[in-house]
Amino acid sequence: MANILVVEDEESVRELLRLYLEKEGFKVELASDGEEALDKMSRTSPDLVLLDLMLPKKDGWEVCREIRKTSYVPIIMLTARGEEFDKVLGLELGADDYIAKPFSPREVVARIKAVLRRANSTSLSRGRIWETLGLKIDYEAKKVEAKGREINLTPKEFELLWFLVNHPRRVYTREQLLEHVWGYDFAGDTRTVDTHIKRLREKLTEGGIASSIKTVWGYGYKFEPE
Ligand code: CA
């Protein structure tokens, strides 16, 4: 059964979540502040992190950002602040879902199951071949086919496409894409990302594939399989 890391500084909420999750058969690890969260994260490698936003020592944003430097583990944010801004920011930082307090434990369990299901179906395609709707990507051979016809991508276009299809529906800023695809040391600017996305879309469109790479205005890009 999946291993869940619950990060919450309020003891009553933490214990309530533990109780419900264990009842559902999950294995539960607990952390009561941001530093403990990162420590547990590295020692227990959980399958999902339930992360409170307001935490002592390091807050949820910081913890989320730290985790995302090394891991794509699904993260569900818990927050008392229900504003849309927080929601978007949380997802931009790489959280997978968001639950506003007060919540019912039953809702939390349902959301955890949904996120885990989604994560598992993504990791199936994370093998070395990714295929859907006429698009086939072979990671080892660095080959992309659109409706059976090979399309030629530059190495960076290929890496960018591979990254996006393996993280569907998640919005990435240009800075995040630079970090993930080009690496932290890359000296160019964010327009590089726009140029590559543009070329990638053109090539996919020429190949007869309606582009699934969407622009999220003011934030960045995401891959949205139709
Ligand atoms: Ca809190």
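Where is the place of Arg14? In this predicted model, Arg14 sits in helix α1, which runs over residues 11-23. Arg14 is buried, yet has no salt bridge to go with its charge. The nearest side chain of opposite charge belongs to Glu11, and that one is 4.6 Å away. Since a salt bridge calls for a side-chain nitrogen within 4 Å of a carboxyl oxygen, the pair doesn't make the cut. What Arg14 does have is a backbone partner: a polar atom of its side chain lies 3.5 Å from the backbone oxygen of Asp9. Leaving aside residues up to four places away in sequence, Arg14 touches Val6, Glu8, Asp9, Leu30, Ala31 and Ser32.

Asp9 turns up again at the calcium ion, where it is one of the protein donors through OD. Asp52 also donates through OD, while Met54 uses its O atom, and these donors lie 2.1 to 2.3 Å from the ion. Along the chain, the donor residues follow the spacing D-x42-D-x1-M. Asp52 is buried, with a relative accessible area of just 3%.

Then there's helix α3, covering residues 60-70. Its N-terminal end is capped by Asp59, which places a side-chain oxygen 3.2 Å from the backbone nitrogen of Trp61. Trp61 is also among the buried residues of α3, along with Gly60, Val63, Cys64, Ile67 and Arg68. These buried residues lie on the same side of α3, because they cover an arc of only 165 degrees around the axis.

How values were computed
Residues numbered from 1 in each chain as written. Predicted model: local features only at pLDDT ≥ 70, side-chain atom pairs only at ≥ 80, totals over all residues. Heavy atoms only, no water. Buried < 20%, exposed > 50% of the residue type's maximum accessible area, 1.4 Å probe, protein only. Helix = DSSP H or I, 4+ residues; strand = E, 2+ residues; numbered from the N terminus. Arc of directions from axis to C-beta. Polar contact = N/O pair within 3.5 Å; in protein donor to acceptor, adjacent residues only side chain to side chain. Donors = N, O, S within 2.8 Å, 3.2 Å for Na, K, Ca; no water. Lys, Arg positive; Asp, Glu negative; His and termini not counted. Contact = heavy atoms within 4.5 Å.
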